[in-house]
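Please load the model in a viewer and keep the sequence at hand. The tour below proceeds by selections, each followed by a description of what is found there.

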Amino acid sequence: MQLTRHTDFALRALLFMASMPDGITTIGEIAETFSIPKSHLMKVISTLVSSRYVNSTRGPHGGISLAKPANQITLKEVVVLMEKTLAPFDCVGQSCLILNSCQLNATFYSAQEKYLDYLADFTIADMLNNQVVSTIHPR
């Protein structure tokens, strides 16, 4: 399973916010740090704000920050939120000779559930270590 760029950007943005000493940053700062197009990141942050993973404050002292502790945001939650579809195959409306007897979809769906269950055991906080933080925020 290959994740979309939106999921990748969401995970990196959450890691960045979790690594902030004062907890607040800007979309521009994250975009610049990771060389992510700001317009794409704005869409990602909008989704994270509307789903209450990120707080957004407008104004001269505004910015974005985590809405809950990093140890309460699982990787599974982020993947499920950001991926438009998690269906392994799109068999609806397909003209396929084995459609009615095929076991591929069920097998891949089961594997995907195990993958997501595995991700549920890890949080954004688990992904932070000294090396990640010092790479994001070099002295």
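How many helices and strands are there in the chain? In this predicted model, the chain has seven helices and two strands. Colour the chain by secondary structure and follow it along the sequence: the pattern reads α-α-α-β-β-α-α-α-α. With the whole chain in view, orient it along its principal axes; the C-alpha atoms fill a box of roughly 60 × 30 × 25 Å. The chain has 139 residues, and buried residues make up 30% of them. Among the contacts with a separation of 6 or more, 67% join residues 24 or more positions apart.

**First stop: α1 and α2**

Select residues 5-19, which form helix α1, together with helix α2. The axes of α1 and α2 come within 10 Å and cross at roughly 110°. An angle of 65 to 115 degrees counts as roughly perpendicular, and α1 is therefore roughly perpendicular to α2. The crossing of these two helices is right-handed. Now display side chains at the contact: on the α1 side are R12, A13, F16 and M17, and they meet E29, I30, T33 and F34 of α2. By class, this contact of α1 with α2 comprises five nonpolar residues, one polar residue and two charged residues.

**Second stop: α2 and α3**

Keep α2 (residues 27-34) selected and add helix α3, residues 38-50. Here too the axes come within 10 Å, and α2 and α3 cross at roughly 125°. That angle makes α2 oblique to α3. The handedness of the crossing of α2 and α3 is right-handed. Which residues of α2 and α3 meet? From α2, show I27, G28, I30 and A31; from α3, show K38, L41, M42 and I45. The contact of α2 with α3 divides into six nonpolar residues, one polar and one charged. I30 of α2 may be left on display from the previous stop, as I30 takes part in the contact with α1 and also in the contact with α3.

**Third stop: the hairpin**

Select residues 54-57 and residues 63-66, which are strands β1 and β2. The two strands pair in the antiparallel sense, over four bridges. To locate one of the pairings, pick V54, whose bridge partner in β2 is L66. Five residues lie between β1 and β2 in this hairpin. Within the turn, select G59, which has a positive phi of about 110°.

**Fourth stop: S65**

Remain on strand β2 and select S65. Is S65 buried or exposed? S65 counts as buried because its relative accessibility is 17%, and buried means under 20%. Leaving aside neighbours within four places in sequence, show the residues in contact with S65: M17, G23, I24, Y53, V54 and N55. One of these, M17, belongs to α1 and was displayed at the first stop. For a distance across the model, pick the C-alpha atoms of S65 and E29: they are 12 Å apart in space and 36 residues apart in sequence.

**Last stop: Y109**

Move to helix α5, residues 104-119, and select Y109. With a relative accessibility of 45%, Y109 counts as partly exposed. Add L86 to the selection: the C-alpha atoms of Y109 and L86 are 8.6 Å apart, with their positions 23 residues apart in sequence numbering.

How values were computed
Residues numbered from 1 in each chain as written. Predicted model: local features only at pLDDT ≥ 70, side-chain atom pairs only at ≥ 80, totals over all residues. Heavy atoms only, no water. Axes fitted to C-alpha atoms, helices over the stretch in contact; angles between N-to-C directions. Parallel < 35°, antiparallel > 145°, perpendicular 65-115°, else oblique. Left-handed = near helix turned anticlockwise from the far one by under 90°. Contact = heavy atoms within 4.5 Å. Nonpolar A, V, L, I, M, F, W, Y, C, P; charged D, E, K, R; others polar. Buried < 20%, exposed > 50% of the residue type's maximum accessible area, 1.4 Å probe, protein only. Pairing = 2+ DSSP bridges.
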